[in-house]
Amino acid sequence: MLRFITSRFLQSLLALFLVITATFFMVRFVPGGPFTAEKAVTPEILKNLEAHYGLNKPLWRQYLDYLGSLARGDLGPSFKYPNRTVNEILGDKLPVSAELGAESLAVALVLGIGLGTLAAIRRNTWIDYVASGFGMTGISIPTFVVGPLLVLALAIKAGWFNASGWYTPADRVLPCLVLGLAYAAPISRLTRGGLLEILHQDFIRTARAKGASEFRVVTRHALRGGLLPVVSFLGPATAGILTGSFVIETIFQVPGVGREFVNSAFNRDYTLVLGTVILYAALIMALNLAVDVAQAWMNPKVRLE
Amino acid sequence: MMFRCFSFAAVVAVVLVFALTGCAKNEASPTAANSVAAPAKKILRYGNGAEPQELDPQIVTGAPEHRLVQAFFEGLVTEDPQLNIIPGVAERWDISADGLIYTFHLRADAKWSNGELVTATDFLESAHRMLRPALSAEYAYMLWLVVGAEDFYKGNLTDFAQTGFKALDARTYQITLRQPAPFLLHAMNHEAWQPVPIATIKKFGGLENKNTPWTRPENFVGNGPYILNSWRANQLIVAERSPTYWDRAHVKIDEIDFYPVELAETEEKMFRAGQLDLTYELPLSKIDVYRRENPAALRIDPFDTVYFYRFNVARKPFDDVRVRRALALAINRQSIVKNVLRAGELPATSLVPPGVLGYVSENHFREDLTEARRLLAEAGYPDGKNFPKVELLYNTLEKHRVIAEAIQQMWRKNLGIEITLYNQEWKVYMDAQHTRNFQLERGGWQADYVDPHVFFDLWETGGGNNDTNWGDPEYDRLLHSALAAPNDAARFAIYQRMEKIFLDAMPVIPIYFYTYNRLVSPRVKNFFTTPLDNFPWKYVDLAP
């Protein structure tokens, strides 16, 4: 088992290294640089700017320098925000993204599992159709449509919330709801499917025969197995919520990493692009590694392959 | 079994994070958007566009930063809304008869926020820092008007004392120009001329380092009407009335909250929800709505910026002036500003926007379809026949797309020529422009300071932002002679000649002059803005 984990870990490290290398060179080959602006700086000023950031060195040298400082855990200064380092920016924003992600995931789980369970035990009734309809709608309508609609209804018309921002506890409600809804939809479908399969199995019949109440049958016996597909979905979903929150962060002015991820590319903020890519890549790899390990633990066949 | 543990752990983790972040939230911001402030305190909530890159006046380049710098710093002179030069740190100044030597007399009570006096040495050392090559300030060239500044920057001069910056005594600062620059006092409103707290900067990383924490709230020192109270990235910047500012009696608002709001659509929603008193901008699509439903909140001001299409005159068919003129004459600008833009923009048939310090263009060209067709036929493309494949580049933005489509349609209908449109992301587009890798592209120019000079300086042969490959020796000669003109009347007469040369050659097609559109709550009083959209904060007031 230890050997398996070690080998997967080393594979992840290699993948991370390749991601860093590819990103480093790709951002450099994109037209336009950090100092490309409408009002072009004079050639002398451009030369000094490049010297200030070490961009006048050969590219391979810059690459090695970057790897060197990376090994020391230093992601460098941001090009766009000169008085902040990339470490600081990410350190500042990751907790916000994590909070947004965790709260959205909670919304997604509660809503998704609840609706999915209702749909499964009331199969082919109007409850099922409403819940399934919600699932389809949630998957089909993108967050950038749901977001402004909720803002219009709950913030501007009803006046219950701020239209945008991340200042008070109430400000968390709308963004987490919108992001959570997007993930509640697939979770409800997975729950329904998983539960339906389990509810037909013998041990459920046995439980019922023993006189267990329907509530107990579902919560104690069926959900345990019925949620398996949801659990395996959680890995990619968590990664998706963390990396895919750009739209929500922009609509609601949430100071998270998602916006930096996209804006740094527009700004050609080389160090910040790399910093966010490394962070996201490491997160996704860690989550995948966790899934791999969990699967190997449960299924010896995977370990041997 | 495994799954049970796993899912249980996941649920526990989610609950924990919820609980922890929930706790953290309870100590949340004292300046939350909807919280009620103490009754006596006047707080203006302003949407400030993108998150500012920095607050260091010598480093920043963007408009959101400019708004902040105006709150936190003050230069020698400033402008009132009518564009008159009024005293700032300097209470008066003398200009030598030849227009080369400016002597500023600093007021005795100008202070930094740490209580120290603002002295001539501060201005001198600030200029010195701005011109250090190692600092690589992007706007360093703004100071090149001064004797020796450019040489110092380029390393041809190592002794800063040899330049035209002099602190004669603690309260007398003198600048010697290398050639007359009648617009100097207006140009000095630019951040590049603001003083910076040298001792503080030295303490936090030195004068040649950009990446220092001196502009963090705990270290920050400024000399403007406001001081930096807090700065939470992408969240909020709080500016508080400065207790040391010399003119503090006239500062009306106690606190300005700068909200960085990237999306104009989001900002508009925040305004409607009562989170903002003043917005950074207003989406085009909302202008008609506000005209209809809430005209009191809609504010439209003239803005000294010209929108144009730039030719690459080195590429066929735009090497032929007749083609360039034909295209320019076959656009119905009135229709564009009326039907596409709709915010009171002005059709541009000259280079300089109206009202730039009394300069009024005399050389408007006239839209004229017959003439346009005649020119095109003369160039060898009667009714657009055999017109080569032409592509129009614009940066990815809805507004540019609809304008381009309108013009594409006009040229098709009026001249029988077909152009294709393509768009690029901002930096790719900017790179294409500066490397002149385009045939025809959308462009614009916003003045850095109010003077017609900025619109003429731009098109000097080989100028860094000309990007058309066009140049004219007579135009260049006039440009240099204009600065030596004895007075503005003579100078403006030269500009008129230059504008004629320029419009005859038509290396760009002027399309319209911008307006600046924003939302202003009726509570905001005394809000005025100059044609560069400068609005000194100290005059703005807020009704209870």
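B:Pro317 sits in the loop that links β11 (298-311) to α9 (321-329) of chain B. The peptide bond leading into this proline, from B:Lys316, is cis, with omega near 0°. Keep in mind that this is a predicted model. Below are some other spots to look at, starting with unusual backbone angles and moving on to a sheet and a helix of chain B.

**Positive phi in loops**

- A:Gln253 is not a glycine, yet its phi is positive, at about 55°.
- You'll find A:Gln253 in chain A, in the loop between α11 (246-251) and α12 (257-267).
- A:Gln253 counts as buried because it has 28 C-beta neighbours inside 10 Å, and the cut-off for buried is 20 or more.
- Over in chain B, B:Asp467 is another non-glycine residue with a positive phi, near 55°.
- The loop that holds B:Asp467 runs between α14 (453-457) and α15 (473-483) of chain B.
- B:Asp467 is buried too, with 24 other C-beta atoms within 10 Å.

**A four-stranded sheet in chain B**

- Four strands of chain B make an open sheet in the order β1-β10-β9-β8, and their pairing is mixed.
- At the edges are β1 (43-47) and β8 (226-232) of chain B, each of which pairs on one side only.
- On average, neighbouring strands in this sheet are turned by 20° against each other, ignoring direction.
- Strands β9 (residues 236-241) and β10 (residues 255-259) of chain B are antiparallel partners, joined over four bridges.
- To see this pairing up close, look for B:Ile237, whose bridge partner in β10(B) is B:Phe258.
- Helix α2 (residues 63-72) of chain B lies across β8, β9 and β10 of chain B, and runs at about 135° to β8(B).

**Helix α10 of chain B and its two sides**

- Helix α10 (residues 333-341) of chain B has B:Arg333, B:Ile336, B:Val337 and B:Leu341 as buried residues.
- Look down the axis of α10(B) and its buried residues fall within an arc of 90°, so they line one face of the helix.
- Flip to the other side of α10(B) and you meet B:Gln334, B:Ser335 and B:Asn339, which are exposed.
- The buried residues of α10(B) are covered by elements of chain B including α8 (284-293), β12 (346-347), α12 (398-415) and β16 (508-519).
- Right after α10(B) comes B:Arg342, which has a positive phi near 65°.

Note on methods:
Residues numbered from 1 in each chain as written. Chains lettered and ligands numbered in written order. Predicted model: local features only at pLDDT ≥ 70, side-chain atom pairs only at ≥ 80, totals over all residues. Buried ≥ 20, exposed ≤ 12 C-beta atoms within 10 Å, placed from the backbone. Pairing = 2+ DSSP bridges. Axes fitted to C-alpha atoms, helices over the stretch in contact; angles between N-to-C directions. Contact = placed C-beta atoms within 7 Å. Arc of directions from axis to C-beta.
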